[in-house]
Amino acid sequence: MFEMLLIEGLAIGACYGLFGVAVAIIYKTSDVINFAQGEMGMVATFVAYHILTVYNVPFWIAFPATMVFAILLGMAIEFCFLRPAKDPTVLGLLIITLGAEMLLMGLAGWKWGAEQKDFPFLLSVTKTHEIAPDLAINEWTIGVFTLTIIIMVSLFLFFRYSKLGIAMRATQQNVNAAKIMGIKVERVFSITWAMSSLIGAIAAMFFAARSVLDPNFMMEPFMRAFAAAVLGGLTSIPGVVIGGLIMGIIENFFGYAWPEWKPIVAFVVIILIITVRPSGLFAKHYIKKV
Amino acid sequence: MKKILIASMILCTVFVCSLLVFAAGKPGFDDKEIRIAQWGPQTGPAAPWGSVARGSGLLFQIVNDEGGIHGRKIKYFIRDDQYNPAQTKAVVKELVEREGIFAFVGGVGAACGMAVKDYLAQNKIVWVSPSTAIEEYVFPVNPYIFAVYPLYDDEASILTKYAVEKLKAKKIGFLYQNDAYGKSGLKGCKTRLKTYKMKLAEEISVEPGEKDLSSQILRLKNSGASVVIMWVNPTSAAIALKTSATIGFKPQWISSNTLSDYPLMNKITGGLWEGVITGAFVIPSDANHPLMNKYRNAVKKYAPEERFGVFYAAGIMFAEPLVDALKRVGPKLSTEAFIKQLTVTKNFQGIGSVVNWTPKVHQGTDSIQIQKCGPNSSYIMLQDWTPNDLATWKKK
């Protein structure tokens, strides 16, 4: 039982972590929390669903097509909603993302309706492999572990060593200085939103496969992923993933012992940790001295 | 200056008086029509339940095509409240004060109904068959509300009896939504188990939005329950079944009538719903029953785009006793005469269970059918209309 709780906790935690990474990427470059992240993932998942069920194409075609859509969606939202804002404050940008969230949810409800749907994902949650006596692991869990590790390592290397990754970090630290150094910050923002949307769409598809697909299905996972990202530290990609894993484990073990406290226990732990470490567990805490 | 002041005062008085007249609303009927209305989520998260309101509309269309009721046609209004009580208040107020409504029928959403219950009573507007089971609607008796939806604790009690006596369950688990709906089911189950000197092997709550139920399902598995009764929403039920399949937990699942739309449930669970037992307050929509056959044909004629599912049929069932009482009132229609006829409704049966209303009891039934999801989302009848012999409200 302990092993099952651990595996299930790590699996859902990895999913929170993956989605948290999508939130953190935008935060790392622009200090903005994208409240439309969940709905961007939701719309991309609906597009995948549409391609799979209406056009009846195999998953290996629908998946890359959805990824292309997710990239374009991220860039379009940045271009249409955030870029036109004149001298925006962080609060202003945040409100814009809230508006985008409402718009996307309305669009999905209008196009696909509110009725719940089963998302035909490649990796099944019901197909299991017994790895030890009385201990099974499903395809979905194997997939989420593998993908989280690949994405985490790729992003870590990208931000640490690639020119674009360094440009993104520079943009976050000082937009004007980045411009002076010849970095095309608008292009950086656009690529950031595209990357974030892409990772968010992948995570959203995993969430949909585990539950059901409807226009509201990403609201709750977004809240938890965001909380996990804050717990790990929004500016640290590995920290965000570890935050997600911690959250998944806490929820599952507490949920087993005291089911009625499951929905809030992780948030209580997060509040306690943030009180002690405001930047999260793994992010560096900078104090500006005047 | 004085003249302007007096003129303004007169204008204000006229305006206020006109508002008062307007607020009082038009009478809900005339010689040609009776105005009936329903709110329901046509858009938003609960839109799948919007078919209830459209189902009622089908019955009114049939009635009108058959010549109406004593020369009057039913004019039917549907308003989309998006399952939002604030919106429900606004649309009900608009309907009552602008259109003049004689009676409301159905009305999805416990909170939505609670938001307008007192307003309707204040305006002496009858509300027949709320589309949810809330004890506060009918206990103590509200002179304007008449319910046909079986109470959740009655339903849970009947299903628990079935689990113990027919399925010979020794250990029963209960998975419930942490709100009034879930807790009513839990109460009914526990009351029934007491009569067998049994206790639940496990009772676990879930929050409506929870997307990960692995710890809850593992706990149910650990309890050794061979039957699990669930009182949750469709999304939680789908997650529960998927998680159970993942961890190799295969109990007999039983659920309330709210999850009796088998085609939908089978679709969102990827086929895992087959074999699940549920309560039902409407006979199966594919049943060979004279009334059901008539309604099925009417759907093809009037609303071919509609899926004739359980909630659409429920909308018809909610409106049936209203039409029956209106017919019995005769040509001299009034709210008082209508209420009088409703309170003497005896052994009325449409496509739901037998309905009985008296001046003292406005809860019309405590009976459900027990059905099972068969192959291709078919409805297998396990037990015909069964009342709850433990229903305390019947003994009052």
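**View 1. Strands S3 and S4 of chain B pair in the parallel sense.** In this predicted model, S3(B) covers residues 103–105 and S4(B) covers residues 126–128. Three bridges join the two strands. Look for Phe104(B): its bridge partner in S4(B) is Trp127(B).

**View 2. Five strands of chain B form an open sheet.** Read across the sheet, the order is S2-S1-S3-S4-S5. The pairing is parallel. Which strands stand at the edges? They are S2(B), residues 73–80, and S5(B), residues 145–146. Each has a single partner strand, so one side of each is left without a neighbour in the sheet.

**View 3. Helix H2 of chain B packs on the sheet.** The helix spans residues 51–65. H2(B) touches three strands of chain B: S1 (33–40), S2 and S3. The directions of H2(B) and S2(B) make an angle of about 165°.

**View 4. Helix H3 of chain B lies across strands S1 and S2 of that chain.** H3(B) is made of residues 85–99. The helix runs at about 170° to S1(B).

**View 5. Chain B is divided into two domains, 1 and 2.** Each is built from two stretches of the chain. Domain 1 takes 33–150 and 286–365. Domain 2 takes 152–280 and 371–395. Taken over C-alpha atoms, the centres of the two domains of chain B are 28 Å apart.

**View 6. Domain 1 of chain B touches domain 2 of chain B.** How many residues does each domain give to the contact? Domain 1 gives 10 and domain 2 gives 12. On the side of domain 1, six residues are nonpolar, three are polar and one is charged.

Methods:
Residues numbered from 1 in each chain as written. Chains lettered and ligands numbered in written order. Predicted model: local features only at pLDDT ≥ 70, side-chain atom pairs only at ≥ 80, totals over all residues. Pairing = 2+ DSSP bridges. Helix = DSSP H or I, 4+ residues; strand = E, 2+ residues; numbered from the N terminus. Contact = placed C-beta atoms within 7 Å. Axes fitted to C-alpha atoms, helices over the stretch in contact; angles between N-to-C directions. Domains from an automatic or database assignment. Nonpolar A, V, L, I, M, F, W, Y, C, P; charged D, E, K, R; others polar.
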